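Work through the exercises below with the model open. Try each task before reading its solution.

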Amino acid sequence: MILKYFLVSLKLKNPFTTSFGTAYSRNAIIFQLEKDGIVAYSEAVTDTDPDYSYENNDSTIYMVKNYFSKFLDPFPTIDEYIERSKKIKGYNMARASIEMLLWDYYSKLNNKPLYDFIGESRGYANVGISIGMDDTEKMIKRIDEALKLGYKRIKVKIKKGMEMDILGKIRDVFPEIPLTADANSDYTIKDIDLLKRIDKFNLIYIEQPLAFDDLIDHAKLRKEISTPICLDESITSPDKARKAFEIGACDVINIKPGRVGGIKNSLEIAKIARENGGHVWIGGMLETGIGRAFNISLASHSLIDYPGDTSPNSKYFERDIVKKTFEMNNGIIYPFKDPGIGTSIDHEFFLSKIISSGIIINNGKA
Ligand code: OSB
Ligand code: MG
């Protein structure tokens, strides 16, 4: 078994601005496992800075090298890995990198595409788009293009003080489109009067208005506004999802397998949401074609009832590191039908994008 990581840097087609900053590139860690003639991949959702959560690329490499990779010996089933890794608290993005590697490995071992190995697939993913902040005129132009491409819902990033201008101008031009807004935790409960003013824009939901780890204030806010609340950052486990519904902190959850520790927890969260009358969709972290393939397979699960942030590769990059890229038609993407994630690294281009790499495990036999 050989486990390697590669840190690659890809320039984004368009800078992506959220309330916590602007990303010009995606610096992604790709993990590669070779075992018994199978080559499996995964991608960590962390980037250089710990600004979305406390994890970043350095902590992911550290935690995988020193902790999560140790749970691969003796070689585990997916459930055994999850059980062993419970010993480590937090670091879900590092944890998920190995869990997802195992999903790709075992679906390839069983000669099944990942969506089929996961099961209960509707066969395709419903796709929405996440649009970063910019001049409102530029945002409106990008929304117009996205609608023409067939995206099923438009999400725009907002921040405190910009929300009325951004959402007001968008609604002037597009009064009826399925619209949501993501604040990436830029507000506090003291901003309740400001947040009430958002109700008039008729959003499907507002995503993560309050602190990244909060449930209680979201529950208070939810009682005061008519816009449904979607949680992203705050939901880091099935248990958090259960608590969120129990205290009425949200109506919707943006599931990112990286944030919640992997695919198994993602499915568990989708089930909890369904049992509580909530809704779920699969989010994104500007992944390359590797992470995206996981997200699209998962987004095709029948419990995932809202369109997600799973744009085709071309939204993010001029050229992606994978051989096969996704195409969207009428807001729908079909997962690949080859075993596992169904796509692999485009080696020559991939090599040209590597910043650093390392061997984590090498026990002699691939
Ligand atoms: O909050 O959903 C978010 C990107 C980076 C970090 C956080 C978020 C996002 C996105 C982009 O909204 C989703 C995507 O298109 O991958
Ligand atoms: Mg979000």
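**Exercise 1: two sides of a helix**

Ile216 and Lys223 are exposed (over 50% relative accessible area, 1.4 Å probe, protein chains only). They lie on the other side of helix 8 from its buried residues. This is a predicted model: local features need pLDDT of at least 70, side-chain atom pairs count only at pLDDT 80 or more, and totals for chains, interfaces and linings use all residues. Residues are numbered from 1 along each chain as written, chains are lettered from A and ligands numbered from 1 in written order, and side-chain values use heavy atoms, without hydrogens and water.

Task: Which residues of helix 8 (residues 216-224) are buried?

Solution.
1. His218, Ala219 and Leu221 are buried, meaning under 20% relative accessible area.
2. They share one side of helix 8, because they cover an arc of only 165 degrees around the axis (directions from the helix axis to the C-beta atoms).
3. They pack against helix 7 and strand 9 (contact: heavy atoms within 4.5 Å). Helices (H or I, at least four residues) and strands (E, at least two) are DSSP runs, numbered from the N terminus.

**Exercise 2: the metal site**

Task: Which residues coordinate the magnesium ion (ligand 2)?

Solution.
1. Asp182 (OD), Glu207 (OE) and Asp232 (OD) do, at 2.1 to 2.3 Å. Donors are N, O and S atoms within 2.8 Å of the metal (3.2 Å for Na, K and Ca); water is not among the atoms, so sites may look incomplete.
2. The donor spacing along the chain is D-x24-E-x24-D.
3. Glu207 sits in strand 8 (residues 206-207). Asp232 is 25 residues away, in the loop between strand 9 (229-231) and helix 9 (238-246).
4. Glu207 and Asp232 are buried.
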